[in-house]
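Please take a moment to look over the chain shown here before reading on. The notes that follow are grouped by topic.

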Amino acid sequence: MRPLTEEETRVMFEKIAKYIGENLQLLVDRPDGTYCFRLHKDRVYYVSEKILKLAANISGDKLVSLGTCFGKFTKTHKFRLHITALDYLAPYAKYKVWIKPGAEQSFLYGNHVLKSGLGRITENTSQYQGVVVYSMADVPLSPLNLPRHIKEGEKLLLHHQEAN
């Protein structure tokens, strides 16, 4: 387990900033303690510094996981968010999309969502913007990139696999 390099930190923060914007600082400096990001086997973990100090006694090859997995770096050094990061991204998300109950199950199974399946959407959401998809009961379902700008009367397709 090691700290992220400057390049890895930049790539990861750019990806997270697509979803939460300036609220990125709130992830690190939290009221319940200081948290940090650590890399272990190409996966980025979000962990409390108290737990990180306790885990220093465990050798790296025996350590399986520590904290919450935020995502992983691919072989081409791109960062991909995991669904486990959703609990930390959702409260700070700038742009949100709510899906009607009829389209929710279909979306979770990987199918498209038409514009008729959208309940509401945050104002001024731009093209290719990172949004967090919610159910109408305000349960976060998935982070994804909005495929295009929404215009009146336009047919919109949201697809679960457009997250990264």
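**Briefing on the predicted model**

Lys72 counts as partly exposed, because its relative accessibility is 31%, where buried means under 20% relative accessible area, exposed means over 50% and partly exposed means in between, with a 1.4 Å probe and protein chains only. This is a predicted model, in which local features need pLDDT of at least 70 and side-chain atom pairs count only at pLDDT 80 or more, while totals for chains, interfaces and linings use all residues. Residues are numbered from 1 along each chain as its sequence is written, and side-chain values use heavy atoms, with hydrogens and water left out.

**The chain as a whole**

- The chain contains 5 helices and 10 strands, where helices (H or I, at least four residues) and strands (E, at least two) are DSSP runs numbered from the N terminus.
- The chain has 164 residues, of which 40% count as buried.
- About 9,500 Å² of the chain is exposed, and carbon and sulfur atoms supply 52% of that area; accessible areas come from the Shrake-Rupley method with a 1.4 Å probe, and for residues only the protein chains shown count as cover.
- Of the contacts between residues at least 6 apart in sequence, 53% join residues at least 24 apart, a contact being heavy atoms within 4.5 Å.

**A positive patch on the surface**

- Lys72, which lies in strand E5 (residues 68-73), gathers with Arg43, Lys75 and Arg80 in a patch of positive charge on the surface.
- Patches are made of residues with over 30% relative accessible area and no salt bridge, with like charges joined within 9 Å and nonpolar side chains (Val, Leu, Ile, Met, Phe, Trp, Tyr) within 5 Å.
- Lys and Arg count as positive and Asp and Glu as negative, whereas His and the chain ends are not counted; the place of a charge is taken as NZ of Lys, CZ of Arg, CG of Asp or CD of Glu.

**Salt bridges**

- Side chains of opposite charge can pair when their charged atoms come close.
- A search of the whole structure finds 5 salt bridges, each defined as a side-chain nitrogen of Lys or Arg within 4 Å of a carboxyl oxygen of Asp or Glu.
- Arg10 and Glu14 form a salt bridge whose closest N and O atoms are 2.8 Å apart, and because these two residues are 4 residues apart in helix H1 (residues 6-20), about one helical turn separates them.
- Both partners of that bridge are partly exposed, Arg10 with a relative accessible area of 39% and Glu14 with one of 44%.
- Glu22 forms a salt bridge with Lys94, with 3.7 Å between the closest N and O atoms; Glu22 lies in the loop between H1 and H2 and Lys94 in the loop between helix H4 (86-89) and strand E7 (96-99), so the pair ties together parts that are 72 residues apart in sequence.
- Glu22 is exposed, at a relative accessible area of 64%, whereas Lys94 counts as partly exposed at 36% relative accessibility.
- The side chains of Asp32 and Arg30 also meet in a salt bridge, at 2.9 Å from N to O; Asp32 is partly exposed at 45% relative accessibility, and Arg30 is partly exposed with a relative accessible area of 23%.
- Glu7, Arg10 and Glu14 are joined into one network by salt bridges that share partners.

**Backbone angles in two loops**

- Most residues other than glycine have a negative phi, and most peptide bonds are trans.
- Lys41 has a positive phi of about 55 degrees although it is not a glycine; Lys41 is found in the loop between strand E3 (33-40) and strand E4 (43-48) and is exposed, with a relative accessible area of 60%.
- His77, likewise not a glycine, has a positive phi of about 65 degrees; His77 sits in the loop between E5 and strand E6 (79-81) and counts as exposed at 62% relative accessibility.

**Pairs separated in sequence**

- Leu26, in helix H2 (residues 24-28), is partly exposed with a relative accessible area of 39%.
- Leu26 and Tyr92 are 66 residues apart in sequence, and their C-alpha atoms are 8.4 Å apart in space.
- Thr9 has its place in helix H1 and is partly exposed, with a relative accessible area of 23%.
- Thr9 and Phe37 are 28 residues apart in sequence, with 8.7 Å in space from C-alpha to C-alpha.
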